[in-house]
Structures are given as C-alpha cells and as structure tokens.
Amino acid sequence: MNFRRATLDDCGFLAELNHQLIRDEGHRNKMTVAELEQRMKGWLASEYAAVIFEEGRMVVAYGLYREQPEEIYLRQLFVARNRRREGIGRKAFEILRSRIWPKDKRLTVDVLAGNTAAVAFWRAVGYKDYCLTLEILPEVAS
C-alpha cells in the first residue's frame, strides 16, 4: 500500500469520503459534501494534515490528524466501503504510527459510543478507554 500527504487539490474527493464516513458511523452531522469540502480545505490549510492510502491508482483509505506538542489527535480514519474487512485500516494505522507520527506523543481518537465496530477496531490496534462523554439532547418543540 502506498501513501502520500494530501494537498488542497484532494479536498473534493476527501469530502466525498468524509460524507460516507459520517453516514457509516451514524453521526448526526448534516453537512453537505460541498460544506465538508470547505471544512476540509480550512483544516488542511491550518492545523490538520491528511494522508491518503492507495493501492495502484485506487484510494483505499485516508487519515486526518492534528499534531500538538504532546499529542496526535486522529480525527478521521476511513476505509473505502468496498475494501473493508481486508486489514487496510490496520495497515494504514500502522503506517501512520511507524512512518509518519513521532513515537513520543500520546495518540487519541474520538469514537461514537454506538459505533461498536469502530470501538472494537480501535481497541484492537491498542487504544484504551480514557473518557466517556455523556449528553442530554435538547427537547424539540412540538
């Protein structure tokens, strides 16, 4: 699997993949692909970096992260729908850990509590439970 750092020219298709990720994980984010593209451009132009993983000429995954002095925050790791359950996510994460990220920083990721497959994946690659955010949603006026 090859990898490369994403550029602003990649934001269009990264937004499409991000839209799939939002739907797949059951997130409440209602942003359109166009809105996600603008957000991605802002992120890549400032504090975030993205890595695109390819096999041949096909994009199979991407990771979006922010490096801070003490921590690497992985905001998104997405594997193409037709390539899941092949070990690509695990390979992509290992490339991030071994070839891109410094080894002396804490790694964090946020996972929706109801996304049990993602929780299991992150635990399998070494993440440990640290914090649980609870919420009460506002009442909807009838």
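Which residue in S5 is the bridge partner of glutamate 71? In this predicted model, the partner is arginine 106, and the pair offers a convenient point from which to enter the sheet. The two strands concerned, S4 (71–79) and S5 (106–109), pair in the parallel sense over four bridges.

Stepping back from that pair, one finds an open sheet of five strands in the order S1-S2-S3-S4-S5, whose pairing is mixed. Its edges are formed by S1 (2–5) and S5, each of which pairs on one side only, and from one strand to the next the twist averages 30°. Against this sheet packs helix H1, which touches S1, S2 (48–55), S3 (58–67) and S4, and whose direction makes about 85° with that of S4.

Helix H1, which spans residues 11–25, also meets a second helix, H2 (residues 33–45), the two axes coming within 8 Å and crossing at roughly 115°; the crossing is right-handed. On the H1 side the contact is made by Cys11, Gly12, Leu14, Ala15, Glu16, Asn18, His19 and Ile22, while H2 contributes Val33, Leu36, Glu37, Arg39, Met40, Lys41 and Leu44. Taken by class, the residues of this contact comprise eight nonpolar, three polar and four charged.

Several of these elements return in the largest pocket, which has a volume of about 1,900 Å³. Its lining counts 48 residues, and those that lie nearest its centre are Asp110, Val111, Leu112, Ala118 and Trp122. Two or more lining residues come from each of helix H1, strand S4, helix H3 (88–100), strand S5 and helix H4 (116–124), so that H1, S4 and S5, already met in the sheet and its packing, take part here as well. The lining as a whole is made up of 22 nonpolar, ten polar and 16 charged residues.

Definitions and conventions: Residues are numbered from 1 along each chain as its sequence is written. This is a predicted model: local features need pLDDT of at least 70, side-chain atom pairs count only at pLDDT 80 or more; totals for chains, interfaces and linings use all residues. Side-chain values use heavy atoms; hydrogens and water are left out. On a 1 Å grid over the protein atoms alone, a cavity is a set of points where a 1.4 Å probe fits but cannot get out, and a pocket is an open set with protein on both sides within 12 Å along at least five of seven lines; lining residues have an atom within 4 Å of a point. Grid points are joined across faces, edges and corners, and a volume is the space filled by probe spheres set on the points. Ala, Val, Leu, Ile, Met, Phe, Trp, Tyr, Cys and Pro count as nonpolar, Asp, Glu, Lys and Arg as charged, and the others, Gly among them, as polar. Axes are lines fitted to C-alpha atoms, for helices over the stretch in contact, and angles run from 0 to 180 degrees between N-to-C directions. A crossing is left-handed if the near helix is turned anticlockwise from the far one by less than a right angle, and right-handed if clockwise. Contact means heavy atoms within 4.5 Å. Two strands pair if DSSP finds at least two bridges between them.
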